[in-house]
Amino acid sequence: MSLAPVTADRAEAPYPDPVRIRVVAAGAAVVTVGAGLGLRAVTVGSVAKYGGDALYTVLLLTLVVLVAPRWTPLRAAGAALAVSWAVEFFQLSPVPAELSRDSVAARLVLGSTFNAPDLFWYAVGAAGGWLLHTAMVRRRRVTAGAPPAGETPHT
């Protein structure tokens, strides 16, 4: 890992600087929250609930990228999925329900009751977020003149 400042040569590297990645991740987080609120506004029932579960994991993925901008898409998606599942299993204890009674923020972050199907929908969100993140990393590499991951440059 180099601590050298970003120069013209480094700006064309296959992976942009962490500041740019964090700006994109922050924007993606805002869009994800908006999508979740929009989903709740226009749908009800299972679509709203399970779509919200998937978007919860996508939001966690954007926050992981915000904190660790150089992590691979797979690692970031895996971390987001692990946190989602940990929160869901935490709901097997009475603590989230107690906290959720007194706090809207706790209810949004921790939920209140365990629901096994949520685990599947968190995986759906992680997979969708991984696909989008992978596509963005590939696009950045191609735009920067580097071949996509797994390909060799043609000379």
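Let's start at glutamine 91: setting aside its neighbours within four places in sequence, this residue is in contact with Pro96, Leu110, Gly111, Ser112, Thr113, Phe114 and Asn115. Keep in mind as you look around that this is a predicted model. So where does glutamine 91 sit along the chain? You'll find glutamine 91 in the loop that runs between α4 (73-90) and α5 (95-102). Is glutamine 91 buried or exposed? Its relative accessibility is 9%, and because buried means under 20%, glutamine 91 counts as buried. One of its contacts deserves a second look: a polar atom of the glutamine 91 side chain lies 2.5 Å from the backbone oxygen of leucine 110.

Now move over to helix α3, which covers residues 45-67. You can do a quick check on this helix yourself. With 23 residues and 1.5 Å a residue, α3 should span 33 Å, and its end C-alpha atoms are indeed 33 Å apart, so the two values agree. Which residues of α3 are buried? They are Ala48, Tyr50, Asp53, Ala54, Tyr56, Thr57, Val58, Leu60, Leu61, Thr62, Val64 and Val65. Hang on to Tyr50 and Tyr56 from that list, as both come up again below.

Next, the aromatic rings. A pair of aromatic rings is described by the distance of the centres and the angle of the planes. How many aromatic pairs does the structure hold? There are four. One of them is made by tyrosine 50 and tryptophan 121, whose rings are stacked, with 5.9 Å from centre to centre and 20° between the planes. This pair ties together distant parts of the chain, since tyrosine 50 belongs to helix α3 and tryptophan 121 to helix α7 (residues 117-143), 71 residues apart. Tyrosine 50 has a relative accessibility of 18%, so it counts as buried. Tryptophan 121, with a relative accessible area of 30%, is partly exposed.

Tyrosine 56 and tyrosine 122 make another aromatic pair, this one tilted: 5.8 Å centre to centre, with 45° between the planes. Here too the link is between distant parts of the chain, with tyrosine 56 in helix α3 and tyrosine 122 in helix α7, 66 residues apart. Both tyrosine 56 and tyrosine 122 are buried.

Back to tyrosine 50 for a moment: Tyr50, Phe120 and Trp121 together form one aromatic cluster. And before you leave the rings, have a look at tryptophan 71, where arginine 75 lies over the face of the ring, 4.0 Å from the ring centre.

How values were computed:
Residues are numbered from 1 along each chain as its sequence is written. This is a predicted model: local features need pLDDT of at least 70, side-chain atom pairs count only at pLDDT 80 or more; totals for chains, interfaces and linings use all residues. Side-chain values use heavy atoms; hydrogens and water are left out. Helices (H or I, at least four residues) and strands (E, at least two) are DSSP runs, numbered from the N terminus. The expected span of a helix is 1.5 Å times one less than its number of residues. Buried means under 20% relative accessible area, exposed over 50%, partly exposed in between (1.4 Å probe, protein chains only). A polar contact is a pair of N or O atoms within 3.5 Å; within protein, one must be able to donate a hydrogen and the other to accept it, and residues adjacent in sequence count only if both atoms are side-chain atoms. Contact means heavy atoms within 4.5 Å. Rings of Phe, Tyr and Trp (its six-membered ring) pair if their centres lie within 6.5 Å; planes under 30 degrees apart count as stacked, over 60 as edge-to-face and the rest as tilted. A charge sits over a ring if NZ of Lys or CZ of Arg is within 6 Å of the ring centre and within 35 degrees of the ring normal.
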